[in-house]
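User: I am new to reading protein models and would like to learn how labels are justified. Could you help me reason through this one?

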Amino acid sequence: LTSRTMAFIGNLIRLLVVAVALWAAVQIRMYAVHDYGMVIHEFDPWFNFRAADYMVNHGWQKFQAWYDEEVWYPLGRHVGSTTYPALQFTAWGIHSLLAHVHPTSLNDVCVLIPAAFGAVASVFTGMLAYEVTRSANAGVAALAIMAIIPAHLMRSVAGGFDNESVAVSAIVGTFYYWVRSLRTGGSWPYAILCGATYVYLVAAWGGYVFVLNLIGIHAATLVIVGRFSPQLWRAYTLWFLIGTTGACFGPARYLVGWQPFQALEQLGPTGVFLGLQLWQATAVYSRRRKLSALETFKLRAKVLGAVCVIAAIVMGAMPEGFLGPLSARVRGLFIKHTKTGNPLVDSVAEHQATPPRVYWSYFHCVCIIGPPGAALMLYKITDAKIFALLYVAIAYYFSGKMIRLVLLLGPAAAVAAGATISAVVWFTIEAWQAEEAGPAASKKARPPPKSAKAVRKPP
């Protein structure tokens, strides 16, 4: 077979695997519908459905002012300021779009959204794996794993109309656009998409704090290991400005407020943003003045030192309580405890520490094939591979602190497992081609036998 034919067959197989995986991603999440019909399951999904129904019937403005007297009796609840509304917006948008194509009840739309977004998250995971490894086989394998991995299934079953059912897609989409924006100097438009996807995530789920800090840690790590580049500065600046503006003034503004500048768990990425501006300014200054590496280092040390002193003075002059402490949930991720002090958090089983046996239940064979893939990312290191390694390490740590956060490890585990499968496939193909080429090469190198006429008989 020629190389062109082999490439065609390979692409055809990958396309078939992707089609089957996306079909399985939807079908495996539809078992509840097949058994019980178009039914919303559990308490939180029912509340989210009521909120979506109110938004569709009364509009966004009235939804923001809605005080629901039928819940938390006799206190009631101000829904507009205590709900992440992206889930309801998504249902409203899809319901309105289908009204012009194929009219569908809002109940059915809300039931099917988790299954549909399960497939969307799988696609983004495959794209992230490809961007990290630059291997199409890794991307296809990661997509297929994410489609059926229980760590993702547990929050994306049809009828489970909850925030995480759309948030995972936004998380992986934000990560993909982030690493894609760092590929070349001309990749900065992807940072705009990254910021827009992050705004949707902020409006969808409180887990946006994890994404915010992971991107900030990645950017800081690249600077520390000497991989600062203009595209890093450009990408982070665009993402931070768009994302933070959307977080503070977007649909979830009542929940987020000024937390990016006041909450202790969100100040780190803000500091990274300011640090990158200073780093880029000193890089431009040293380039124009033609400073040596040592002179540039001294300049940056002086500038950063002065900024730290000014920051300390400003923080000291702030009124007491302006900077909030770590929330009870965040403290529980770092401090060994039995109770967080928040009765609501302590009463929920999924907020407890994760027993080791849970990993096999939620990841199965990925527990075995995932770690080698993470180790393979250390070969020919890139900005994207550094991000993937940080994602795996940090998500694994947090997943051990709270069962609910196993959800965050799902995409990272799929990417790592996809890298392992890609390496095995590559090695198998290379070995097969070498085996096929061996006899042919030896046969070609062997000298042709002499003809009978040319052989001289001994006297």
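User: Why is Lys 290 called exposed?

Analyst: In this predicted model, Lys 290 has a relative accessibility of 75%. Exposed means over 50%, so Lys 290 counts as exposed. You will find Lys 290 in the loop between α15 (267–289) and α16 (293–317).

User: What makes the phi of Lys 290 worth a look?

Analyst: Its sign! Phi of Lys 290 is near 55°, a positive value, and the residue is not a glycine. Most residues other than glycine have a negative phi.

User: Lys 380 has a positive phi too, of about 50°. How do you know whether Lys 380 is buried or exposed?

Analyst: Use the cut-offs again: buried is under 20% and exposed is over 50%. Lys 380 has 58% relative accessibility, so Lys 380 counts as exposed. Lys 380 sits in the loop between α20 (366–376) and α21 (383–401).

User: How do you know what span to expect for helix α5 (residues 86–101)?

Analyst: Helix α5 has 16 residues, and at 1.5 Å a residue it should span 22 Å. The count used is one less than the number of residues. The end C-alpha atoms of α5 are 23 Å apart, so the two values agree.

User: Which residues of α5 are buried, and what covers them?

Analyst: Ala 86, Leu 87, Gln 88, Thr 90 and Ala 91 are buried, and their cover includes α3 (43–58), α6 (106–133), α9 (164–180) and α10 (189–204). Across the protein, buried residues make up 43% of the 459 residues.

Conventions:
Residues are numbered from 1 along each chain as its sequence is written. This is a predicted model: local features need pLDDT of at least 70, side-chain atom pairs count only at pLDDT 80 or more; totals for chains, interfaces and linings use all residues. Side-chain values use heavy atoms; hydrogens and water are left out. Buried means under 20% relative accessible area, exposed over 50%, partly exposed in between (1.4 Å probe, protein chains only). Helices (H or I, at least four residues) and strands (E, at least two) are DSSP runs, numbered from the N terminus. Contact means heavy atoms within 4.5 Å.
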